[in-house]
Amino acid sequence: MSYSEFTEKDYELIDRDWQVLYASASKRCADARELETVCQAYAFANEAHKNVRRRSGEPYMLHPIAVAQIVVDDIGLGYKSISAALLHDVVEDTDFTVDDLRDRFGDKIASLVDGLTKIKNVLDNENKDLSAQSLQAENFKRILLTLNDDPRVVLIKLADRLHNCRTIEFMPEHKRDKILSETMFVFIPLAHRLGLYSVKSELENIWLRYKEPDAYRDISTKINRNIQQRAKEINAFIVPIDEALKKAGFRYEIKKRVKTPYSAWHKMQVKQIPFEQVFDLYAIRIIFDPDRENGESERDQCYHVFSIITGIYRYMPERLRDWVKHPKSNGYEALHCTLLSPSGIWVEVQIRTRRMDDIAEKGIAAHWTYKQNGYVSENDSEMDLWLERIKEVLVNPDVNALELLDIIHNDLTSAEIYVFTPKGEQRAIEKGATVLDFAYLIHTEVGNKAIAAKVNQRLVALNYVVKTGDQVEIITASEEHPKREWLQFLKTRKARNLVVDYFRNERKQTVDYGRQLLEEQVKLHGSKLDEAMIQRIEAAYGATDREDFFYKIGIGSLKLDNLADVLKSRQRYSLLRRIFSPPKEKAKEPEVEYIIGGKDDDGRQFVIATCCNPIPGDAVVGIKSPDGRITVHKKSCPVAEEIAATHGDWVVVPKWQEAAEAKTFLVRISLKGIDRMGLLNEISRFLSLVMGANMRRLNLSADNGIFEGYIDLYVNSKDVLEKILKKLTTIEGIETVSRIDL
């Protein structure tokens, strides 16, 4: 921030944005009193931030106005939240206190601002002794702790993060990378969990625009070109549906939706396919007002719409998604089907009631609004159950900030499945969970006394992994009790914690059991657990207390998944320990340029990350280790994202050395097409003789006239790779060529 006297133009900019917000707030406020409160909050904040500017040079007041605009338009919150958004930086950045706000605006608005201030300001009295390694984790913990007090604080914080990302171009690049990584690791999953689709989508697209700028531009161009080519076909596809729904007497609207650049890019990465194979680019959304007087439920009326449109077009049964009968845990309800248009393109159709659409777009805020207005859905409990699970973790005194960050991130991003009790009651549980996890989901005593289970009437062991649609019956015995071995296969945090709690009073036995487990694991890798080996493993895992180290292994809170790597190298640290080991001195580092190319003038060593294998020309980020080494990742690499999100101080922005032709980098390209005589020879001849590329591996196979596979080869830059990809597509028979992960 900077200070300089506002000009007439500055005041005009502020007033322009305020008039837009005022119009939105007028529609959202219930009466003149609520609107007057919003106006007073604006006037107060405007005076408090007078003559203060953002990095962009614009008046600072434009930021809280923009945050409030997101709060009302994208999230749908009321006047107290709009007022709190306008005031959210006043306590942090000016001399006004929470008490000042309480005197002027009442307790609720003041407490919302207080919650937002606490999220932002982690270095308060109770955190003075925290090491730098856990500050960001503590910050995240604060964000989630506000869910206990008032979830609106988190929603306003998401609005704040969205606007900061909208203006992120004015940030220095290293700080931009840290903010975007934190956004992908924490805020995007949080927006998804809270059902804020529009906020989530915009954050994802901003992330892609800066992390993979070439991919963003390329996909955006292709999507826009596709829209122009297909616009008439989609309109023609809608006409018969429109006529049929009118004839059936529905009150509705039809919206067209195109896949976002991030969504298309993500599918390309996950499925390792080129853009041309992303078939679900288009969707239409049928949003109707249910008839409350015809005796049919919302669900039945959705099925009625489905029967009408599938009577017009053929649908793909395997692509049917019934989120009406089995809603997602974030409250999302809709019926999805994929129909074949007359022109031969597959179009996804989403069927929703008006209420379902509000919840899909505005998430938890709409969910509460409908509840407060007396509308109770049979699916309301899913969101409430998730909030309860989060609260359980937050109040657990045995979970430190770093563990909490990992637990909550996994909870935010884990997929869910739906299983049924013997009475037919539906329960959501984490994908990969066992029947024993399900037993603890039902009740602690059911889990403690479980001996086996019946899944779909078939007897299974407690470590059986349940699948969507399974009907699960837990078999118990009164004399049964938890076993330590259960910790080796339990998946859900709740179940693991309950078993850990059971053994907490048997510490000595648990410590002995932990040592025994470690000894068995070391033996499996062909080594012996002597004193030197124990010290070596303790150092790798950052253990400071041996008994506690064995205890954590015994209760299952410390996994030994990467023990093989630890045994191979004395210097190999687990991911979190490598991230969260700050340098001894926290002196501010001067501005330096990091040029990738072996060692620079200061003796810095650059290492190309094997998790994503960047090559010159890729957008990259550097992670600086305690020993000075800089590991170079693609900006979109998930490993780098996690490191940057949890320890932003280690992020640097390296640049590729301009004359790096002598060094080559391994890449993998995927090919698919129609097989013909001599094709393989033509491909290898082109790569080796024409492009001068050194091939390391060639894996192509043909079946029924179609070939596919991959080639590993060395290139010295992204430009060279793109030339190779472009030229390969000109070879007769090759249909698709793309770079994929090794």
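This is a short talk on a few local features of a predicted model.

Some ground rules. Residues are numbered from 1 along each chain as its sequence is written, and side-chain values use heavy atoms, with hydrogens and water left out. Because the model is predicted, local features need pLDDT of at least 70 and side-chain atom pairs count only at pLDDT 80 or more, while totals for chains, interfaces and linings use all residues.

I start with the interior. The largest nonpolar core has 106 residues; such a core is a set of buried Ala, Val, Leu, Ile, Met, Phe, Trp, Tyr and Cys residues joined through side-chain atoms within 4.5 Å. Buried means under 20% relative accessible area, exposed over 50%, and partly exposed in between, using a 1.4 Å probe and protein chains only. L86, L87, F237, V349 and I351 touch the most other members. Leaving aside neighbours within four places in sequence, I351 has contacts (heavy atoms within 4.5 Å) that include I286, F288, C302 and L335. Another core, of 41 residues, lies apart from it, with A453, L517, V522 and M533 among them.

Next, helix α6, residues 98-105. Helices (H or I, at least four residues) and strands (E, at least two) are DSSP runs, numbered from the N terminus. Which residues of α6 are buried? They are V98, L101 and F105. G106, with a positive phi near 95°, follows α6.

Last, the backbone. Most residues other than glycine have a negative phi. Q457, not a glycine, has a positive phi of about 70°. Q457 sits in the loop between β10 (450-455) and β11 (458-460), and is exposed, at 61% relative accessible area.
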